[in-house]
Amino acid sequence: MTIGPNIIHFKDLGDQRGCLVAIENLRQIPFEIKRVYYIYGTRHGVVRGLHAHRKLRQVLICVKGSLDIYCEYANERKLFRLDKPTMGLDIGGLVWHDMRNLSEDCVLLVLANDFYNEADYIRDYQEFLGEKEGMIHAEEGIQRRSPSYSKH
Ligand code: T46
């Protein structure tokens, strides 16, 4: 079943000196991290993203500044505002997403469960809608075929 994007909260291990967040494979992050990249220096008004991934799962962390992430998946649309380094947005499955309103100082750190593979990207919105519809119908078919249990 499609599980939508969701926010992960990291513990701040800081003390009177300042803040510290620790992230470990398969602990704070629900997958094995194979790739790390970061986005910074985005020009004012620029919209990034505008694609979906077929298989990739990622956690997006705004370690400095803020941004909005618009997500569309299944029959839902959600907006997530990332403005704390203790928040991560977990995105997996077929989710069309874009990043907007990046502050001038925004640094977006991304932890991914696979290497870069352009073939995993759907960059055409109509193609995304087609694949999403196919997935929704397949899931409805699976639900209809599942046995129903009656109470005895
Ligand atoms: C995503 C959002 C959150 C690489 O060669 N290796 C990499 O690991 C990545 C991430 C990108 N690239 C190349 C591909 C493009 O030629 O870097 C260029 C810019 O990538 P793109 O236009 O896809 O960047 P964004 O900011 O639109 O999207 C990125 C990630 O690509 C994407 O997976 O989910 O950040």
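## A tour of two sheets, a ligand shell and two unusual loops

Start by selecting leucine 26, which sits in the loop between strand 1 (6–9) and strand 2 (35–40). Keep in mind that you are looking at a predicted model. Check the backbone here: phi of leucine 26 is near 60°, a positive value in a residue other than glycine. Most residues other than glycine have a negative phi. Is leucine 26 buried or exposed? Leucine 26 is exposed, because just 9 other C-beta atoms lie within 10 Å, and the cut-off for exposed is 12 or fewer.

From that loop, step to the sheet that holds the strands on either side. Select strands 1, 7, 4, 9 and 2: these five form an open sheet in the order 1-7-4-9-2, with antiparallel pairing. Strand 1 and strand 2 are the edge strands, each pairing on one side only. Neighbouring strands of this sheet are turned by 25° against each other on average, direction ignored.

Now zoom in on strand 4 and strand 7 (residues 87–91), which pair in the antiparallel sense over three bridges. Color leucine 60 and you will find leucine 89 of strand 7 standing opposite.

Leucine 60 is a good stepping stone to the ligand, since it belongs to the shell of residues there. Select the whole shell: Arg35, Tyr37, Ile39, Arg48, Gly49, Gln58, Leu60, Val110 and Tyr116. The elements that give two or more residues to this shell are strand 2, strand 3 (48–53) and strand 4 (58–64). Which strand gives the most? Strand 2 does, with three residues. Color the shell by residue type and you should see five nonpolar, two polar and two charged residues.

Next, turn to the other sheet. Select strands 6, 5, 8, 3 and 10, which form an open sheet in the order 6-5-8-3-10, again with antiparallel pairing. Its edge strands are strand 6 (76–82) and strand 10 (121–122), each pairing on one side only. Within this sheet, five bridges join strand 5 (residues 67–73) to strand 8, and the two run antiparallel. Pick aspartate 68 to see one partnership: its bridge partner in strand 8 is arginine 100.

For the last stop, select asparagine 101, in the loop between strand 8 (96–100) and strand 9 (107–112). Asparagine 101 has a positive phi of about 55° although it is not a glycine. How exposed is asparagine 101? It counts as partly exposed, because it has 16 C-beta neighbours inside 10 Å.

Terms used
Residues are numbered from 1 along each chain as its sequence is written. This is a predicted model: local features need pLDDT of at least 70, side-chain atom pairs count only at pLDDT 80 or more; totals for chains, interfaces and linings use all residues. Helices (H or I, at least four residues) and strands (E, at least two) are DSSP runs, numbered from the N terminus. A residue is buried if 20 or more other C-beta atoms lie within 10 Å of its own, exposed if 12 or fewer, and partly exposed in between; C-beta atoms are placed from the backbone. A residue is near a molecule or strand if its C-beta atom, placed from the backbone, lies within 6 Å of it. Ala, Val, Leu, Ile, Met, Phe, Trp, Tyr, Cys and Pro count as nonpolar, Asp, Glu, Lys and Arg as charged, and the others, Gly among them, as polar. Two strands pair if DSSP finds at least two bridges between them. Axes are lines fitted to C-alpha atoms, for helices over the stretch in contact, and angles run from 0 to 180 degrees between N-to-C directions.
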